[in-house]
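Me: Could you teach me how to read a protein structure? I would like to go step by step.

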Amino acid sequence: MLPVDAPDGAWPAVEEFLRARGAAEMYHPGGTLLEHLLRVARLLGEWGADPDLRAAGLCHAVYGTDGFGQALADTAERALLGELIGERAEALVHLYASCDRGVVYPRLGSGRPVVFRDRFTGRDRTPPEPDVRAFLEVTAANELDVLTHNAELADRHGPALYRLFAASRDLLSNAAWDACVRQLGRYAPDAGPAIRIAALDHLVPTVDGEDPRH
């Protein structure tokens, strides 16, 4: 488990696990998937996230996501990841991975509590608010890092992402919201009332006909 005061880059067992599963070889805007994961964890730390949330950010792509089908581990290995980062952090990773975004993202702007659809099981459930807040923090850190390293994706998806985060402002920390405004605020005038993002995560340019969202 990560020590409470673990500084960025001081998580050798977790990094070794991610490397062993191929994260250092997978392309991602800004370098490799591993580099992206480390940046997300660092950004969460800059926003004041606790160690569990930072660890969840570091491992948020381990089970794949609705927008990133290349899982580094199967959900049958949840106990293994739990041993590395702790049960709380692992539960947040699983929540992030299991989110059916086409269903959940619109719900973020239509009242509280937020009912999640699990894309693995197809079932709805209502996570406690602290978990939803953690989900939004990781989402914001992930998307801002992606768009920082790909201007074309920023212009294509920036307006929709601004709408998403504006609709869920009450669930974001002040630091996360401030970062969203700094990076996405230029898209605010074009924002409409609807949220239509279905699966935006770990986007890469299309190569040889591949899906740019993996």
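Reply: Let's start with the whole chain and then turn to some helices. This is a predicted model, where local features need pLDDT of at least 70, side-chain atom pairs count only at pLDDT 80 or more, and totals for chains, interfaces and linings use all residues. Residues are numbered from 1 along each chain as its sequence is written, and side-chain values use heavy atoms, with hydrogens and water left out.

Me: How many helices and strands are there in the chain?

Reply: Helices (H or I, at least four residues) and strands (E, at least two) are DSSP runs, numbered from the N terminus. Here you will find nine helices and four strands, in the order α-β-β-α-α-α-α-α-β-β-α-α-α.

Me: Which residues are buried in helix H9?

Reply: Buried means under 20% relative accessible area, exposed over 50%, and partly exposed in between (1.4 Å probe, protein chains only). In H9, residues 174-184, the buried ones are Ala176, Trp177, Ala179, Cys180 and Leu184. Down the helix axis they fall within an arc of 160 degrees, so they line one face of H9; the arc uses directions from the helix axis to the C-beta atoms. Exposed Asn174 and Arg182 sit on the face turned away from that buried side.

Me: What covers the buried residues of H9?

Reply: Look for contacts, meaning heavy atoms within 4.5 Å. The cover includes helix H7 (129-148) and helix H8 (151-167).

Me: Which residues of H7 does H5 meet?

Reply: Arg88, Leu92, Leu95 and Tyr96 in H5 meet H7 at Pro130, Asp131, Ala134, Phe135, Val138, Thr139 and Asn142.
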